[in-house]
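Here are a few friendly exercises to work through with the model on your screen. Try each task on your own before you read its solution.

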Amino acid sequence: MKKPGYKEALSKLKMSEDFRERTIAMLEREQHKMEADGAHKGEIRMNTVNSTKKNKWAAWSVGVAACAVLAVGIVAWGGNDGGNVPAPGTNNGVVDSQQPAPPISGKAAVNIDGVIEEVAADGKSFRVGDLWVSVTDETEYGIPGPNAPEASEQLVSKEFKVGNAVSGFTSDDVASGKVTAQRIYNNF
């Protein structure tokens with residue numbers, strides 16, 4: 001004889017099989033729907049109707065407020081007192097010989113720059129690209145000025161070799177193809 005619990009268990013088993021089949025069918029329908037929408041590769045369509053309009057107005061409002069704060073800050077911080085600013089190295093506009101002048105800095109004019117491709121037999125002329133550079137006794141070596149490193153620390157040599165990187169300055173026309181160097185900043 002069958003017990004009543006056995007019938008109940010069989011009934012639940014049939015119901016669970018039916019539930020499983022319906023769930024699989026529903027998942028398959030959802031998968032087909034997602035494939036049709038193009039969302040199966042991580043692409044999720046988001047619908048924003050009113051939120052973009054709200055976001056645009058919020059962004060514009062924040063931007064205008066930020067510009068106003070910047071403008072007020074610049075005017076308040078960078079106020080001009082009529083140009084009565086004392087010069088550096090002075091004491092309220094009076095030159096003070098006890099204070100050193102501020103160091104002068106700037107960029108050096110360089111119109112000789114490149115790698116030495118050929119050196120003449122005399123060792124005082126070299127070619128960088130299409131430019132022949134002659135070095136004379138008046139040619140100065142190194143970087144001048146109060147902020148320049150010591151001569152022993154600069155990468156400059158009076159001996160020119162093929163493959164050395166060289167930079168310098170000449171007042172001659174470099175388009176002529178042959179110049180005399182006034183200064184060699186580096187040669188290494």
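**Exercise 1: Reading the chain**

From the N terminus on, the order of elements is α-α-β-β-β-β-β-β-β-β-β-β. This is a predicted model, in which local features need pLDDT of at least 70, side-chain atom pairs count only at pLDDT 80 or more, and totals for chains, interfaces and linings use all residues. Residues are numbered from 1 along each chain as its sequence is written, and side-chain values use heavy atoms, with hydrogens and water left out.

Task: State how many helices and strands the chain has.

Solution: Begin with the rule: helices (H or I, at least four residues) and strands (E, at least two) are DSSP runs, numbered from the N terminus. The count is then 2 helices and 10 strands.

**Exercise 2: Two open sheets**

Task: Find the strand order in each open sheet of 4 strands, and name the edge strands.

Solution: Step one is the pairing rule: two strands pair if DSSP finds at least two bridges between them.

Step two takes one sheet, which has the order β3-β8-β10-β7 and mixed pairing. Its edges are β3 (112-115) and β7 (140-141); each has a single partner strand, so one side of each is left without a neighbour in the sheet. Within this sheet, β8 (residues 165-169) and β10 (residues 183-187) pair in the antiparallel sense over 4 bridges. Look there for phenylalanine 169, which stands opposite arginine 183 in β10.

Step three takes the other sheet, ordered β4-β5-β6-β9, again with mixed pairing. At its edges are β4 and β9 (178-180), each pairing on one side only. Strands β5 (residues 125-128) and β6 (residues 131-134) are antiparallel and share 4 bridges; serine 125 has serine 134 in β6 as its bridge partner.

**Exercise 3: A closer look at isoleucine 116**

Task: Is isoleucine 116 buried or exposed?

Solution: First, locate isoleucine 116 in the loop between β3 and β4 (118-119). Next, recall the cut-offs: buried means under 20% relative accessible area, exposed over 50%, and partly exposed in between (1.4 Å probe, protein chains only). Isoleucine 116 has 1% relative accessibility, so this residue counts as buried.

Now check the surroundings, where contact means heavy atoms within 4.5 Å. Leaving aside neighbours within four places in sequence, isoleucine 116 is in contact with residues including Phe126, Val128, Phe160, Val162 and Val166. Phenylalanine 160 lies 44 residues away along the chain, with 7.9 Å between the two C-alpha atoms.
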